[in-house]
Structure formats: structure tokens, C-alpha cells
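Trainee: I'm new to this one, and I'd like a close look at a single part. Could you take me through one of the helices and then show me how it fits with what lies around it?

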Amino acid sequence: MTVEHPHSRHLPALRALWQEAFGDTDAFLDGFFGTAFSAQRCRVVLQDDAPVAALYWFDCCHDNLRLAYLYAVATAKEHRGKGLCRMLMRNTHKLLAARGYSGALLVPSEPSLFAFYETLGYRTACRLDELSCVAATEKIDLQKIPTSEYAALRRVYLPTRGVIQEKENLSFLSQTASFYRGKDFLLAARTEKNEFFGIELLGNRLAAPKILFTLGYAHGSFRTPGESRPFAMYLPLSDAPDPKHFGLAFD
């Protein structure tokens with residue numbers, strides 16, 4: 001088995017592996033491979049030229065330090081339990097370090113995976129709060145904005161040592177999410193099974209109930225900067241400070 005960047009001939013098999021692991025639709029995968037995929041930000045384990053494990057990453061940064069947000073780490077069912085994920089990730093870490101990345105971030109998809117990623121050197125670096133609320137009975141000034149304006153404002157609203165996610169991050173996120181600004185807040189949000197989900201609310205969190213009423217939802221949930229829930233894990237690849245806030249997870 002070898003670990004390398006994929007070629008165009010591997011794309012159908014990569015899509016099949018993704019769907020087996022995560023169950024996403026063809027439309028979702030069209031969005032990812034059409035807006036965010038780069039062979040240079042993907043590593044695969046090949047057996048007889050067939051992908052049996054893969055991962056992808058998005059470029060991001062904090063304090064002018066280059067970071068990689070690892071995403072969609074998956075191993076084919078028939079090849080699980082063979083240590084392929086560990087091999088793939090360790091190979092990727094070496095590659096990232098050689099390319100000048102200061103660290104790697106990821107968001108475990110379930111609580112049990114925190115312990116697994118700790119064995120690979122990751123530590124919980126970014127936490128957040130989750131706010132569930134019902135709608136208020138009055139509207140708030142709320143404007144839908146393009147990704148370019150959102151990116152510029154997000155740099156203003158991010159907490160200290162917050163991770164900046166732009167370019168392919170926002171291109172991909174815009175496939176399923178919308179971006180809003182208010183007088184004293186910034187919001188990325190989407191609908192999940194007819195439920196409102198604020199992916200990241202920066203600024204005045206007390207605006208959440210009025211946001212729901214303005215957008216026509218009876219209740220919803222929001223992620224905000226905070227300390228209550230372990231969220232993103234971080235692997236340092238250089239002697240640099242850890243990030244403290246990671247908000248735009250593509251879960």
C-alpha cells in the first residue's frame with residue numbers, strides 16, 4: 001500500500017468511499033468536489049491503485065500561522081481495523097510540516113473519537129457554547145450578505161487567536177449555508193431537517209431569539225464562542241501558540 005495524492009482517475013472511487021463512510025448525497029459531493037476539492041489537499045491510501053482510505057483538508061490560519069483543517073477522514077469498511085487511518089494521518093502530518101503548516105485541526109464526529117485522536121498527538125484546543133432558544137416576538141435588523149463581506153467582517157468579530165477560514169472554506173460552506181450581519185453580530189446559518197442551526201454566531205449572542213423570529217423560525221440552536229463544550233482538536237507541527245476558537249466546522 002502507498003500513501004499519495006490522488007489522480008483524476010481516482011475521483012469516482014473517492015466519491016464512493018465518501019458515500020459509504022458518511023452517506024452524503026450526490027448533490028453534496030458535487031458541491032464539495034466542485035468548490036473545495038484539490039488533489040494537493042487530499043491524501044489517499046492506495047491498494048492496487050484503488051483508494052481504501054482518504055482524507056482532505058482546508059487551508060486556514062490564525063495569527064499569520066498556516067493551519068490545515070482535516071476533514072472527511074475515512075477508511076473503506078472492508079479495510080478497517082488495519083491501522084490505515086493512523087498510517088494516513090501520520091503521513092499527512094509529515095507532509096504538512098514539510099510544507100510549512102504550523103498545525104492541523106479537526107473536529108471529532110463523535111465523543112469517543114477524542115480519545116483516538118489523542119493517541120495521534122492531538123489535544124482539545126478549541127471549545128464553544130451551544131445555545132438553544134425559542135423565537136422572540138420582535139424582529140431585529142438582519143441583512144443577508146455575500147461571502148466576501150462576511151469574510152471581511154468575520155476577521156473583525158473573531159475572538160483572540162480565532163481561526164480565519166476563507167477561500168475554499170466559504171465557497172464550500174455557501175453551498176448549504178447563508179451569511180448574515182446585524183448591528184452587533186455576525187452569523188453563518190443553515191436549516192437542518194427543517195430546524196434552524198446557527199453554525200457560528202459572533203458578537204451579541206442575546207440577539208439569537210430575535211434572529212429566529214426575523215427569519216421565521218419558532219426555535220433553533222446556535223454555536224457561539226465559549227468554554228462549555230470541547231470542540232476542535234489541534235496537533236502542533238511547530239513551536240507556535242495553539243488556536244483558541246474554531247467556528248466553521250463542516251459537520
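Mentor: Sure, let's take helix H5 and start with its surroundings: the cover over the buried residues of H5 includes H6, strand E8 (178-181), E9 and strand E10 (195-203). Keep in mind that this is a predicted model. H5 itself spans residues 147-157, and the residues it buries are Tyr150, Ala151, Leu153 and Arg154. So that you can see where those neighbours lead, let's follow them outward.

Start with H6, one of the covering elements. Helix H6 (168-173) supplies at least two residues of the lining of the largest pocket, and H6 also gives at least two to the lining of the second largest pocket, as does strand E3 (50-62). That second pocket has a volume of about 170 Å³. Its lining is made of Asp59, Cys60, Cys61, Arg155, Ile164, Gln165, Glu166, Lys167, Glu168 and Asn169. Look for Arg155 in that list, since residue 155 falls inside the 147-157 range of H5. E3 provides the largest share here, 3 residues. Sorted by class, this lining has 5 charged, 3 nonpolar and 2 polar residues.

Now for the largest pocket, with a volume of about 1100 Å³. It has 36 lining residues, and Phe22, Tyr71, Ser109, Phe250 and Asp251 lie nearest its centre. Besides H6, the elements that each bring at least two residues to this lining are helix H1 (11-22), strand E4 (65-75), helix H4 (113-118), strand E9 (185-192) and strand E12 (229-236). E4 makes the largest contribution, 7 residues. As for character, the lining counts 25 nonpolar, 8 charged and 3 polar residues.

Two of those elements turn up again at a cavity. A search of the whole structure finds 1 cavity of 30 Å³ or more, and its volume is about 30 Å³. Around it sit Leu14, Leu17, Trp18, Ala54, Tyr56, Ala72 and Ala74. H1, E3 and E4 are the elements that give two or more residues to this lining, with H1 giving the most, 3 residues. The class count is 7 nonpolar, with no polar and no charged residues.

Back to the strands that cover H5, E9 and E10 among them. Both also help to cover another helix, H7, whose buried residues have a cover that includes strand E6 (123-134), E9, E10 and strand E11 (219-225). H7 runs over residues 208-215, and Ala208, Ile211 and Leu212 are buried in it. Looking down the axis of H7, you'd find those buried residues within an arc of 100 degrees, so they line one face of the helix. Just after H7 comes Gly216, with a positive phi of about 85 degrees.

E6 and E11, which we just met at H7, also take part in salt bridges. In all, 15 salt bridges are found in a search of the whole structure. One of them pairs Arg123 with Asp242, with the closest N and O atoms 2.9 Å apart. Because Arg123 is in strand E6 and Asp242 is in the segment after E12, this pair ties together parts 119 residues apart in sequence. Arg123 is partly exposed, with a relative accessible area of 39%, while Asp242 counts as buried at 14% relative accessibility.

On the E11 side, the side chains of Asp251 and Arg223 meet in a salt bridge, at 2.7 Å from N to O. This pair links distant parts of the chain, with Asp251 in the segment after E12 and Arg223 in strand E11, 28 residues apart. Asp251 is partly exposed, at 48% relative accessible area, whereas Arg223 counts as buried at 7%. Salt bridges that share partners join these two with Glu130, Arg190 and Arg229 into one network. You've already met Asp251, as one of the residues that lie nearest the centre of the largest pocket.

One last pair takes us back to H1. Asp30 forms a salt bridge with Arg15, and their closest N and O atoms are 3.0 Å apart. Asp30 lies in helix H2 (residues 26-35) and Arg15 in helix H1, so the pair ties together parts that are 15 residues apart in sequence. Asp30 is partly exposed, with a relative accessible area of 46%.

Conventions. Residues numbered from 1 in each chain as written. Predicted model: local features only at pLDDT ≥ 70, side-chain atom pairs only at ≥ 80, totals over all residues. Heavy atoms only, no water. 1 Å grid on protein atoms, 1.4 Å probe; cavity = no way out; pocket = protein on both sides within 12 Å on 5 of 7 lines; lining within 4 Å. Points joined across faces, edges and corners; volume = space filled by probe spheres on them. Helix = DSSP H or I, 4+ residues; strand = E, 2+ residues; numbered from the N terminus. Nonpolar A, V, L, I, M, F, W, Y, C, P; charged D, E, K, R; others polar. Buried < 20%, exposed > 50% of the residue type's maximum accessible area, 1.4 Å probe, protein only. Contact = heavy atoms within 4.5 Å. Arc of directions from axis to C-beta. Salt bridge = Lys/Arg side-chain N within 4 Å of Asp/Glu carboxyl O.
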